[in-house]
Amino acid sequence: MGSSPSSSENTGRTKGAPPMSTADDPRAIAARLRAEREKRGWGQRKTARFLRDATDDHQKPDLSSFVTYVKRWESGEVRPCDPRYRAAYAKVFGVSEDELFGPRPQPSSSRPPEPHDDPDERERLALAARNPARLDEAVVDGLAATLAHQRRLEDSIGSGRMLAPAAEHLKLILRLLKEARAAPAARLAQTAAEASQFVGWLHTAVGAYEDASTLYDQALRLGMQSRNTDLAATALSMQGHLAWVTGDIGAMAELSKAAAEMATATGTRAMAVQQSGRALAVLGDRQGALRSIGEAEEILAGGTRADDPDGLYFYGPAYLTMQRGLILSYLAEDPAQHGAAAGLIASGIQALAADVRNSEWVAWYRVRAAAAHARGGDITEAVTGLRTALGIVTGTGGGRTRAELVKTHRALIRRWPRHPGLAELGEALR
């Protein structure tokens, strides 16, 4: 409407409002907004641009005004009271307004481990930082071990909390790579490629898609630099995954096909082939999609996993079962087919290792299984699946999964408006 915040924005309170509770404290809200921005790797100007684009008003302020607003909101000087800006923040971050501006529950006594809680990890990082010019195989081993630890820790604590330490670790690896000499350099380039891919994945998970694309390009270059075509193929596959997330299905299909042609290791090739099948399913090519997932299953069954990059630790028959179910859910045309697809996704999830099964990214597949159960007429299983997914993302974060959960819940409540389980789930989401 205007070019500056309202008077309630300037004071942090609306006129005649009761005294602020802890939940209304501008400093507490500022910390949340700043944390959500930083875990996505965004600067204040980029956030301001996203907020302006998401604000529903044709007379909204210009970009420079939004930059000023973001700085003031994150300083705790004022809090965003205008419902337009609250709604824009929720849309941009992919979380509910209550999560950003409402009261927070008391923290649980059983917190997940912090990214730097591992003393061995701290020692390895300190060793590498103190000796940048004396790089040897032991340091490279330590850097690779830290990366492997971070990947598995992300399954427990979520991508948002893992982003900052993983980005710092990548920065250290790239600095050491510039000074590397002789034998360790090739191995370090491989570790740098894998770390770039991992940090790209984290950026994708928090919605920082431009940064993710840049990191995947870097992973591709480093994979080629290290003469490891499977790392390069993995980077192409992840670009294909990013295309899927952003809705560019044609690019997803072509990038996945290119990755499959480049890959030689079993898991790398199988991953690219099944992803190509998923793209074909979205595009409506039933035979091509089923042929691709069948080929991926044959590749995995007939090969060895010895040469796969460490980043594919989660990949196996259970993952492919989950992917077959997802492909069938895209292709399903009647309740029985939707129910069968849901059953496959659920059985694939159940067969995953426990630490992976309850990860943030698998929660998204739980939501997809719940949606397929509902289309198959099984609302009880659908509600159970959505509740499980909500429990996971409440602990780990996951804006994309929460947004998919909210969208699915809204669709189900329109069909079953009086279902008590859906009503309770709605209260939990709020």
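**Close-up views of a predicted model**

**View 1. Arg86 meets the ring of Phe101.** In this predicted model, the charged end of Arg86 is placed over the ring of Phe101, 4.5 Å from the ring's centre. Phe101 also appears in the next view, as one of the residues touched by Tyr89.

**View 2. Tyr89 and Phe93 pair up within helix α5.** Here we look at one of the 17 aromatic pairs in the structure. The rings of Tyr89 and Phe93 are tilted, with 5.5 Å from centre to centre and 35° between their planes. Why are Tyr89 and Phe93 separated by about one helical turn? They are four residues apart in helix α5, which covers residues 83-93. Both Tyr89 and Phe93 are buried. Setting aside residues up to four places away in sequence, Tyr89 touches Leu33, Thr47, Leu51, Val70, Trp73, Pro80, Leu100 and Phe101.

**View 3. Phe314 and Tyr319 sit edge-to-face.** The centres of these two rings are 5.4 Å apart, and their planes make an angle of 65°. Tyr319 counts as buried because its relative accessible area is 7%, under the 20% cut-off. Both residues belong to a cluster linked by ring pairs, whose other members are Trp244, Tyr313, Tyr315, Trp361, Trp364 and Tyr365. Trp244 has a charged companion too: Arg278 lies over its face, 4.3 Å from the ring centre.

**View 4. A look into the nonpolar cores.** The largest nonpolar core holds 93 residues, and Tyr89, Tyr315, Trp361 and Tyr365 are the ones that touch the most other members. Helix α10, residues 183-205, supplies the largest share of this core, with nine residues. A second core stands separate from it and has 18 residues, among them Ala363, Ala374, Leu386 and Ile392.

**View 5. Thr191 in helix α10.** Is Thr191, a residue of helix α10, buried or exposed? It is buried, because a relative accessible area of 6% falls under the 20% limit. Beyond its neighbours within four places in sequence, Thr191 is in contact with Val140, Leu143, Ala144, Leu147 and Ile173. Ile173 takes us on to helix α9, where it is one of the buried residues.

**View 6. Helix α9 and its kink.** Helix α9 runs through residues 159-179. Its 21 residues, at 1.5 Å a residue, should span 30 Å, and the end C-alpha atoms are 30 Å apart, so the two values agree. Where is the kink in α9 centred? The centre is Pro165, and the kink is about 25°. Pro165 is buried, and other buried residues of α9 include Met162, Leu163, Ala166, His169, Leu172 and Leu176.

**View 7. Gly348 in helix α17.** Gly348 lies in helix α17, residues 335-351. With a relative accessible area of 0%, Gly348 is buried, since that value is under 20%. Not counting residues up to four places away in sequence, Gly348 touches Ala318, Thr321 and Met322. Arg324 is 24 residues from Gly348 in sequence, while their C-alpha atoms are 9.0 Å apart in space.

**View 8. Arg227 in a loop.** We finish with Arg227, found in the loop between α11 (209-225) and α12 (229-245). Arg227 is exposed, because its relative accessibility of 73% is over 50%. Its phi angle is near 65°, a positive value in a residue other than glycine.

Conventions
Residues numbered from 1 in each chain as written. Predicted model: local features only at pLDDT ≥ 70, side-chain atom pairs only at ≥ 80, totals over all residues. Heavy atoms only, no water. Helix = DSSP H or I, 4+ residues; strand = E, 2+ residues; numbered from the N terminus. Expected span 1.5 Å × (residues − 1). Bend = angle between axes of the 7 residues up to and from the residue. Buried < 20%, exposed > 50% of the residue type's maximum accessible area, 1.4 Å probe, protein only. Contact = heavy atoms within 4.5 Å. Phe/Tyr/Trp six-rings, centres within 6.5 Å; stacked < 30°, edge-to-face > 60°. Lys NZ or Arg CZ within 6 Å of the ring centre and 35° of its normal. Core = buried A, V, L, I, M, F, W, Y, C linked by side-chain atoms within 4.5 Å.
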